[in-house]
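Please load the model in your viewer, switch on a cartoon view with side chains available on demand, and follow the stops below in order.

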Amino acid sequence: MYLTYLKTAIFSQSKFKNLGGVRHDPKIKRFFKVPYLEKKQLLTALKSKKWRKLGCSFLLVIISSTLLNACIGARPLHQQEQLKGAILIWHPYKNELFQWINSNFQEFQQLNSGVNIQDEYVPQKEIVPRLIQKSSQGFGASAIIDFARNISELLAAKRIQPIEDTDLDISTYQPSVLRQVRYQGKLYGIPLGSTTRVLCYNNAKLQTSQDPILSQPPTSLDELIKRAQKGYSVGMISSFEDTFWGLGNFGSSLINDQGKIEPQLGGWAEWIKWLKKAIIQPNFTLLRGDRMVLNRAFANGNLAYYICNSSEIADLKKMLKEDLKIAILPGQGSFQAKPLLYTMAIMINRSASPNERDLVLALAKFLSNIEQQLQGTVQTQSFIPINRHVFFDKSLLQFESVLLKQSETAVTLPLDNVEKLLPIFKQAEPLYQAAIAGEIPPEEAVRQLTLIINRQIAQTQEES
Amino acid sequence: MENPIPTLSDIAIRQSIFYVRPDVQFQLGVILLCLLVSWLLSKRFWRWLQKKFPLFTTFDWRDSRLSLREYGAVLLQNLDFPVIGIILLSFSRILFDSQDWTGGILRVALTLMVFYTGYRFFLATLYCLFPVNIIRIYQARLLTPLIFLFIFLNLTSLSGNLNLVSQTVLYIFYLKSNHLHR
């Protein structure tokens, strides 16, 4: 109360020399039980050098201790006997996948009672921009779970921490998956699970027919067309990336086995021609736009076949239950489909404290251990385990065996090349759409895309 | 998918995660240092002005508008602290950028200081245009609370989701009112 009086006295009046015309408020005199000092005496006392020096020294002590604590806080990593502290994780999971990740977080907290995990759902498209914005201030989640390909954007903004090889047992991870989180020799994310495109089909819609051809899923593109002609609806998303799997069916590729960009796009023209032939078939839907439209149509039983992402399986299974089946994508002749392999990884905020980093690393190791990976695959049947020591009975887990088989031909985008590849994908999209719409011949689309890729490679070589 | 409404303890835990970070503490320390140095320098500057130009820095406190000379003096006195603060914060921001340190909070502090400078300028101009006693009433009851509310909301939105926090407060009021009705 006395301080309030002092503030009122000093800050309202002290700046002005002549105080004529202002009366002392009698209420203040009654309110305070201390003797009422003359204002002049009060101001003189507070203006004394001694008080000013004390005040400044006190503030300097607080500020320097804060600064020192901040500097000392940047300790090197050390092994903790007992994990303790709180972390905030942003993730894009919802519905069934959220149940799975949430149960993992709960289990980790039960095993480590001193740890508190705060998790927050953030739409997948907003995670990276939000982390970049908040982390630039020092805030934001301790770590995020997102697609490994987004590491390049976070690296460009310098908002994630590198992870030393000694922090993890990297021998447990699939080499193809490690390529997606390693940039110029350093790890920037810890893989948690992979997804890819597969052929989802509604068995209930097929069982009504006596046609023996329908007892097995289509294994070639021609068989897929035949099913559409027979009245069994097929749905696919129409974009360069979503139809990337078809390149392999015609002997084409963009990346070689070592992960280097080596375009062989002659077969892409044939693939586009096949897609144009498929569009005009009855019951064949090539939809440009939101995947959720086809997802809902399939979940509601309006589609028999749907080229889905394996991350959709958990929610589709909830709707279709035992009617949902999956198969590897149809090939063509001796060639097999080569879909892209998408890996989810956990990435640590650059502003995270050393303790947060330790906790996130411990959590990531827990999530990628054999038991948790096996439990996740059994529970969700949606992702491909990234731990190379996970084995299971393929006859018991049919979904997982299909996913594993598809992952054998899947194409991984190495992180070292992602910043070259993503612009290629972006520039390929209008060419693809123009070719599908008939504005340019497929051969012309191939020629232009090859030029774009060669230009990109040349530009990168110049920069390096 | 909507996130569940956080409890007050969740909000407290999240704030504790953020404010323990070295990056955050370092920035806050630098901002406090800049503000303290600005304040000391502004006091020193005003005292020097009072000694050098005693007539210029004398006010006749009366219930009417200030003269142009007095307006100039009030303007100097109101703007010395925020302007010095802007200069020091700008130098700090340049240093942080050159060293590639995390400096987002510094940028926000700089923006808020610019707003505060504008507010002080606006206030000093009001003293020139209108009787002082009327302005002081509006300053105490409207302008000062508004500017502090603006600064508070900006600071709150830095570390957390203001929508979630407000939902928590409303949710608690809702629970309490339900409990009272029973």
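Begin by selecting Val198(A) together with Cys308(A), since Val198(A) stands opposite Cys308(A) in strand β11 of chain A. The strand that holds the partner, β11(A), covers residues 305–309, and strand β6 of chain A, residues 190–202, pairs with β11(A) in the antiparallel sense over five bridges. Strands and helices here are DSSP runs numbered from the N terminus, a helix being H or I with at least four residues and a strand being E with at least two; two strands are called paired if DSSP finds at least two bridges between them.

Before going on, note that this is a predicted model in which local features need pLDDT of at least 70 and side-chain atom pairs count only at pLDDT 80 or more, while totals for chains, interfaces and linings use all residues. Residues are numbered from 1 along each chain as its sequence is written, chains are lettered from A and ligands numbered from 1 in the order in which they are written, and side-chain values use heavy atoms, with hydrogens and water left out.

**Along β11(A)**

Now show the side chains of β11(A). Which residues point one way from β11(A), and which the other way? Tyr305(A), Ile307(A) and Asn309(A) point one way, Tyr306(A) and Cys308(A) point the other way, and all are buried, where buried means under 20% relative accessible area, exposed means over 50%, and partly exposed lies in between (1.4 Å probe, protein chains only). In a regular strand the side chains alternate between the two faces of the sheet. Then add strand β7 of chain A, residues 234–237, which runs parallel to β11(A) and is joined to it by two bridges; within this pairing Val234(A) stands opposite Tyr305(A).

**The disulfide**

Return to Cys308(A) and select Cys200(A) as well: a disulfide joins the two, with an S to S distance of 2.0 Å, the criterion being a pair of cysteine sulfur atoms within 2.5 Å. Cys200(A) lies in strand β6 of chain A and Cys308(A) in strand β11 of chain A, so the pair ties together parts that are 108 residues apart in sequence. If you define a dihedral about the S-S bond of Cys200(A) and Cys308(A), the torsion is about 50°, so the disulfide is right-handed. Cys200(A) is buried at a relative accessible area of 0%, and Cys308(A) also counts as buried, at 0% relative accessibility. A search of the whole structure finds one disulfide over all chains.

**Strand β3(A) and its neighbors**

Next, select strand β3 of chain A, residues 143–147, where four of the five residues are buried. Strand β1 of chain A, residues 85–91, runs parallel to β3(A) and is joined to it by two bridges, and the bridge partner of Trp90(A) in β3(A) is Ile144(A). Strand β13 of chain A, residues 341–348, runs antiparallel to β3(A) and is joined to it by five bridges; there, Ala143(A) has Ile348(A) as its bridge partner in β13(A).

**Three loop residues of chain A**

Select Ser368(A), in the loop between α14 (354–367) and α15 (370–380) of chain A, and you will find a residue that is buried, with a relative accessible area of 4%. Leaving aside residues up to four places away in sequence, Ser368(A) touches Tyr173(A), Pro191(A), Gln373(A), Ile386(A) and Asn387(A), a contact being heavy atoms within 4.5 Å.

Is Gln381(A) buried or exposed? Gln381(A) is buried, with a relative accessible area of 16%; its place is the loop between α15 and α16 (398–409) of chain A, and it has a positive phi of about 50° although it is not a glycine. Lys321(A), in the loop between α13 (313–320) and β12 (324–327) of chain A, likewise has a positive phi, near 55°, in a residue other than glycine, but Lys321(A) is exposed, with a relative accessible area of 51%.

**Over to chain B**

Finally, select Leu55(B), in the loop between α2 (22–52) and α3 (68–98) of chain B, which is exposed at a relative accessible area of 71%. A distance drawn between the C-alpha atoms of Leu55(B) and Arg69(B), 14 residues apart along the chain, should read 9.6 Å.
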